[in-house]
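Okay, thanks for coming, everyone. I'd like to walk you through one structure today, so let's get it up on the screen.

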Amino acid sequence: MGRKTLDNIAASIEFMKSAGDRRRIGEAMPIAETIIEDLRAVPGLGRITYAGSLRRGCETIGDIDILATAEDADAVSERFRTRDGVERVLVAGETKSSVRLDAGVQVDLRVVPEEAWGAALLYFTGSKAHNVVLRERAIARRLRLNEYGLFPAGDGEDDRPPQARGVEPVAAETEESIYEALGLPWIPPELREDRGECDRPVPEDLVTVESIRAELHAHTTASDGRLTIDELAAAAKAVGRTVLAITDHSKSSAQANGLDEDRLRRHIDDIREANERIDGITLLAGSEVDILADGRLDYDDEILALLDVVVASPHVALRQDPETATKRLCAAARHPLVSIVGHPTGRLIPDRKGLEPDIDALVTAAVENDTALEINANPLRLDLRDIHARVAIEAGCRLAIDTDAHRGEHLGFLRYGVLTARRAGATIRDCVNCLPEHDLLTWLRRGR
């Protein structure tokens, strides 16, 4: 191997080390859901959910936190510690247990009193910084907030926690009641990162999975997908999509069986024919077009004009310096036939840092051409990341939340993209995937 290859490998190793012992949300959430479903079989189980960074929709997760209420806390804890997949029991208590799974992740279970459910959920969801803000707000109102409830502050003569002294909480059973007592609206978990969420109105129409109508980035067997046009259309209909853009790779992505011009023309014809034949969903002919290292696109304008949707994405030269990367991505965002800039940095979690463009400049270029920037929902990507998506929203830039599906099950990645968008404060109005079909098609046809 040459020196450049060795340097790249070394840089990748250091970047992976910086990620620590954290798991992608796409790994952690299925584990948590499986455990929760298993524990539901315990008689007398009340409420149960995951908390922590997983509930906040963070892109990577350390330990998985699960909260429950139960008539028999010991029975739930015993089931948790003895279920299949537990490699080692770290803590074995009646109300708190910790295990390490053979998958290498630590999972903590806390069985909390029903009457303190809201306080416990609030506390263990975090973030720590958000909780600090709430505690300071409580102190300013002569109150005391902990995982058992929101209590009167007391006279200071007894140092014991208020719940140990039999003090009745002002609020404890629901998160909503605690926020209300602190003079705040309920703040969705994804926004609880101490980014000013307590000082501004909470959006009432944050984007949801249910509000997404269109999938605008997906692949078939024409390139590197695993489903035919008909199979992908059926899978998209099954999860509630009413519009599906088929965006197979362009010719420079040889490793992904990218389409040359002749194959693309035939593929467009196949998509148009399928759209006439298949009921219940509108199929759009698109392409995921490579943004070449110098900012040019992989097809000329004559070919691009044949398409309904152009997702322009970087796949190579992902170690460019920030200035070059910014010029490259801005050129694509300003191209009149580009609909969406796909996974703009090209990062892979946790292995590849990807491009580091000037996000403000990219957003400005996208706004100028009314181009959407993508939140790629694949948990390997989540690109744009939440902080970049917030910059886009604040500048009035449209977002597209797409799964980049290569298999039917990949359409389920949508929830991770939605969580990332919600962390950015994205509303239904910010996402092109939520537009009514007529409005979406009108937007896609601009400049054509």
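Quick bit of vocabulary before we start: two strands count as paired if DSSP finds at least two bridges between them. And please keep in mind that what you're looking at is a predicted model.

So, the sheet. It's an open one, built from 5 strands in the order S2-S4-S7-S6-S5, with mixed pairing. At the edges you've got S2, residues 45-50, and S5, residues 86-92; each has a single partner strand, so one side of each is left without a neighbour in the sheet. On average, neighbouring strands here are turned by 20° against each other, ignoring direction.

Let's spend some time on S7, residues 106-111. How many of its residues are buried? That would be 6 of the 6, so S7 is largely enclosed by the rest of the structure. Both faces are covered: Gln106, Asp108 and Arg110 sit on one side, with Val107, Leu109 and Val111 on the other.

Now its partners. S4, residues 64-70, pairs with S7 in the parallel sense, over 5 bridges. Within that pairing, aspartate 65 has aspartate 108 as its bridge partner, and alanine 68 stands opposite valine 111. S6 runs antiparallel to S7, and 5 bridges join the two; there, arginine 100 is bridged to glutamine 106. S6 and S7 also make a hairpin with 4 residues between them, and glycine 104 in the turn has a positive phi of about 90°.

What about the helices lying across these strands? Helix H2, residues 25-39, lies across S2, S4, S6 and S7, and runs at about 175° to S2. Helix H5, residues 117-125, lies across S2, S4 and S7, at about 175° to S4.

One residue I'd like to point out is serine 77, over in helix H4, residues 73-82. Is serine 77 buried or exposed? Its relative accessibility is 1%, so it counts as buried. Skipping neighbours within four places in sequence, serine 77 is in contact with Gly93, Glu94, Thr95, Ser97, Leu109 and Val111. Those last two, Leu109 and Val111, are on one of the S7 faces we just went through.

Last stop, further along the chain. The axes of H12, residues 359-369, and H13, residues 386-394, come within 10 Å and cross at roughly 45°, which means H12 is oblique to H13. The crossing is right-handed. Ile359, Asp360 and Val363 of H12 meet His388, Val391 and Ala392 of H13. By class, that's 4 nonpolar, 1 polar and 1 charged residues.

Conventions. Residues are numbered from 1 along each chain as its sequence is written. This is a predicted model: local features need pLDDT of at least 70, side-chain atom pairs count only at pLDDT 80 or more; totals for chains, interfaces and linings use all residues. Side-chain values use heavy atoms; hydrogens and water are left out. Axes are lines fitted to C-alpha atoms, for helices over the stretch in contact, and angles run from 0 to 180 degrees between N-to-C directions. Contact means heavy atoms within 4.5 Å. Buried means under 20% relative accessible area, exposed over 50%, partly exposed in between (1.4 Å probe, protein chains only). Angles under 35 degrees count as roughly parallel, over 145 as roughly antiparallel, 65 to 115 as roughly perpendicular and the rest as oblique. A crossing is left-handed if the near helix is turned anticlockwise from the far one by less than a right angle, and right-handed if clockwise. Ala, Val, Leu, Ile, Met, Phe, Trp, Tyr, Cys and Pro count as nonpolar, Asp, Glu, Lys and Arg as charged, and the others, Gly among them, as polar.
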